[in-house]
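Open the model in your viewer and switch on a surface. This tour goes from pocket to pocket and ends inside.

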Amino acid sequence: MEVDAAAVERLRSEPALASLRRSLDLAYRDPRRAAAMDAFYARFVRPGDLVFDVGAHVGDRVGSFRRLGARVVAVEPQPVCVRALRAIYGGDTEVAVVEAACGARPGRVEFFVNSRNPTVSTASAHFLQAAEGAAGWTGEEWDARVEARCTTLDALLAEFGVPAFVKIDVEGFEDAVLTGLDQPLPALSFEFTTIERPIAQRCLDRLTTLGFTGFNLALGDEMSLALPHWLSADRMAAHLRALPHEVNSGDVYCVSGHHRPPSR
């Protein structure tokens with residue numbers, strides 16, 4: 001599936017969407033990064049699979065999942081990002097855009113918007129407290145609050161079906177997202193940050209309860225698994241605790257059952 005490049009250029013040219021230009025360029029103007037992303041996610045996603053992208057932002061992962069032949073549910077609460085997603089993927093019948101946050105229960109949630117850097121907008125007030133004064137987060141400002149609709153993974157499963165893979169990137173709200181899941185899945189990923197390591201521990205505890213048995217990670221925006229072997233939840237928790245603060249963030253990849261995708 002080819003991305004609507006003309007739509008991307010129109011979005012880049014709109015003054016009201018200036019805060020998204022860097023994200024749009026990273027997502028849609030770097031073919032080497034896109035190729036690396038496709039090769040990476042091919043471990044988890046096959047043609048015909050259903051994938052959920054929770055915290056889709058401007059859709060770089062949506063594009064990768066579509067190139068791999070998957071159907072995609074893109075979940076995103078920020079109107080400016082939803083506008084971009086619908087402009088880029090509105091003509092693709094295999095992409096469903098859900099304008100909502102994802103959390104522990106359906107309803108409404110307060111959402112904290114970083115207007116200059118929307119990629120770190122969040123539904124977690126605690127995340128804002130953790131970022132205040134932290135190295136690597138200087139100058140970030142959450143300058144607006146909006147009320148967003150909130151759904152759950154269980155509600156999305158009931159509406160769209162069981163996904164082969166779920167990507168969760170919601171800036172410190174990952175544990176709430178997993179609280180809203182009550183059934184096992186083949187594989188998923190969740191973002192972690194070094195300013196809020198207890199969230200990762202809660203995610204690992206929840207995933208263990210749900211039957212996930214293998215864990216690996218990618219650091220920063222790298223499209224490669226950092227460890228040569230899949231770890232237990234306890235060993236992954238210890239690994240995350242030992243990471244230096246400067247790592248800042250990354251994603252933990254989690255699989256259930258006996259299948260272990262290759263680490264290299």
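Start with the elements around the largest pocket of this predicted model. Select helix H2 (21-28), helix H3 (31-41) and helix H4 (60-67). Add strand E2 (71-76), strand E4 (101-102), strand E8 (187-193) and strand E10 (249-256). Each of these supplies at least two residues of the lining of the largest pocket.

The volume of this pocket is about 980 Å³. Now show Thr119, Val120, Asp169, Glu171 and Glu191 as sticks; of the 48 residues that line the pocket, these are the closest to its centre. Colour the lining by class and you get 19 nonpolar, 16 polar and 13 charged residues.

Next stop: the second largest pocket, with about 240 Å³ of space. Select Glu2, Val3, Ala27, Tyr28 and Arg67, the closest to its centre of the 13 lining residues. Helix H1 (5-13), H2 and H3 each give at least two residues to this lining. H1 has the largest share, with 3 residues. By class, the lining of the second largest pocket holds 8 nonpolar and 5 charged residues, but no polar ones.

Now go inside. How many cavities of 30 Å³ or more does a search of the whole structure find? The search finds 1. The volume of the largest cavity is about 40 Å³. Select its lining: Gly172, Glu174, Glu191, Phe192, Thr193, Glu196, Ile199 and Ala200. E8 and helix H9 (197-209) are the elements that give two or more residues here. E8 has the largest share, 3 residues. Colour the cavity lining by class to finish: 3 nonpolar, 2 polar and 3 charged.

Note on methods. Residues numbered from 1 in each chain as written. Predicted model: local features only at pLDDT ≥ 70, side-chain atom pairs only at ≥ 80, totals over all residues. Heavy atoms only, no water. 1 Å grid on protein atoms, 1.4 Å probe; cavity = no way out; pocket = protein on both sides within 12 Å on 5 of 7 lines; lining within 4 Å. Points joined across faces, edges and corners; volume = space filled by probe spheres on them. Helix = DSSP H or I, 4+ residues; strand = E, 2+ residues; numbered from the N terminus. Nonpolar A, V, L, I, M, F, W, Y, C, P; charged D, E, K, R; others polar.
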